[in-house]
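Got the viewer open? Keep the sequence panel beside it, and follow along one selection at a time.

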Amino acid sequence: MIYLDNAATTKVFKSAVSATEAAMTTDYFNPNATYKSAVTVNNGIEKARSVIAGAVGANTDELIFTSGATESNNWVFNCGIKNHKGNIVITAGEHSSVYEVAMQLKSRGKDVRIAPLKRDGTVDEQALLDLVDDNTALVSVIHVSNETGAVNPVKDIAAAVRKKSPNALIHSDGVQALLKSGLPINGLGVDYYSASAHKIGAPKGIGFLYMRRGLNMSPYIVGGGQEHGLRSGTQNTPYIAAFAAAVQEYAERNNGSVPALRDELCKYFTERGFREIGGGQNSGYILCLCAPKFKAEILQNIVHDKGVIIGKGAACSGSKRGNRVLSAIGVKPDDIERCIRISLFVDTTREDAFAAAKIIADACNR
């Protein structure tokens, strides 16, 4: 089976599996207990935090482990807004874990403003800035689109927002950018940054929230006061260890070849009647295409039976009709029905990618 839906999730690295097993069978002690074996486990958590912080460009005290970006995003919107009477600005391209929590706040009377997208899938920066004013409490801009791979210039947007509204807090969902953008988090100028580990070869159910040093936020989950009093609940030590192991293996396996492969695949498909959706600056890992003839779901099932797995948009929205993000960049409803998403990872070989591409193209031309 050739797997090309890595934006949905990735195969767990063997090193991450080994780290999980060791934490479950050898270093299984509760890290909050006071005996020496437990202290060793707690030290392991901090070592993992240091490894991850170093890889993403953050200070260790700025990373709080969570169950993933959905929790992190909800935490920011529910507890991270200081000006409770202020407005919230998001983009039309946000992941559902940002968009839906913002809509929930809107239903409670919050002033939520949505910045439109350009045809290339990025946010219209000027339109976003026009929505920001002195009373803006939070601005949230997804770093890399999970639908098209379009990269938003978060650093430039953050600087422009701060110039216009110095008291506004800035958040970015960095799930599809984690270890792929080449930019350190603490160089982006954001206050909050969310990530999930299962996009980089670690298990599902672990991630982090970056909170800029000096910023205080109320806990979203209260209890025993773990994670320095910010996120209660016994730490998920097996998956934290796996997260750190995956970060290290990703760095070892990443030779920078994936973006070039993505561009080669784009050329291959467009020469065969497919149309790229988005364009412009891309993360280099996601390719969104409008397929000729077949609806995406039919094509997905045809190629699955031939040993190829592709996506048809965000996995978390798979049961919903249409596509909010693609609609926002002007893709027509009939074309949305034919959009597929091919997403690569550091373990994707050129041979597998083009073998899959041929199967997909042949299925459309049969």
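Start with the whole chain in view. With 366 residues, a compact globule would have a radius of gyration near 21 Å, and the chain has 21 Å, which agrees. That radius is taken over C-alpha atoms, and the globule rule is 2.2 Å times the number of residues to the power 0.38. Line the view up with the principal axes and the C-alpha atoms fill a box of roughly 65 × 55 × 30 Å.

Before you click further, a word on what you're looking at. This is a predicted model, where local features need pLDDT of at least 70 and side-chain atom pairs count only at pLDDT 80 or more, while totals for chains, interfaces and linings use all residues. Residues are numbered from 1 along each chain as its sequence is written, and side-chain values use heavy atoms, with hydrogens and water left out.

**The whole chain**

Switch to cartoon: the chain has 12 helices and 12 strands. Both are DSSP runs numbered from the N terminus, helices being H or I with at least four residues and strands being E with at least two.

Now try a surface. About 15,700 Å² of the chain is exposed, and carbon and sulfur atoms supply 50% of that; the areas come from the Shrake-Rupley method with a 1.4 Å probe, and for residues only the protein chains shown count as cover. Of the 366 residues, 54% count as buried. Buried means under 20% relative accessible area, exposed means over 50%, and partly exposed is in between (1.4 Å probe, protein chains only).

How much of the contact network links residues 24 or more positions apart? Such pairs make up 73% of the contacts with a separation of 6 or more, a contact being heavy atoms within 4.5 Å.

**Stop one: strand 8**

Select residues 207–211, which form strand 8. Five of the five residues are buried, so this strand is largely enclosed by the rest of the structure. Turn on side chains: G207, L209 and M211 point one way, while F208 and Y210 point the other.

Add the neighbours next. Strand 2 (residues 63–66) pairs with strand 8 in the antiparallel sense over four bridges; for two strands to pair, DSSP must find at least two bridges between them. Look for F65, which stands opposite F208. Strand 7 (residues 192–196) also runs antiparallel to strand 8, joined by five bridges. There, Y193 stands opposite Y210.

**Stop two: a three-stranded sheet**

Now select strand 9 (275–276) and strand 12 (339–343), together with strand 10 (286–290). They make an open sheet in the order 9-10-12, with antiparallel pairing. Strand 9 and strand 12 stand at the edges with a single partner strand each, so one side of each is left without a neighbour in the sheet.

Which residues cover the two faces of strand 10? On one side are I286, C288 and C290, on the other L287 and L289, and all are buried. With five of its five residues buried, strand 10 is largely enclosed by the rest of the structure.

Check its partners too. Five bridges hold the pairing of strand 10 with strand 12, where L287 has I342 as its bridge partner and C288 stands opposite R341. On the other flank, strand 9 and strand 10 pair over two bridges, and R275 partners C290.

**Stop three: two loop residues**

Click on H228, in the loop between strand 8 and helix 7 (237–253). Its phi is near 60 degrees, a positive value in a residue other than glycine. Is H228 buried or exposed? H228 is exposed, with a relative accessible area of 64%.

Then jump to K293, in the loop between strand 10 and helix 9 (296–305). Phi of K293 is also positive, near 75 degrees. K293 is exposed, with a relative accessible area of 59%.

**Last stop: A22**

Find A22 in helix 1 (residues 14–25). A22 is partly exposed, at 30% relative accessible area. Now add A241 and draw a distance between the two C-alpha atoms: A22 and A241 are 219 residues apart in sequence and 9.0 Å apart in space.
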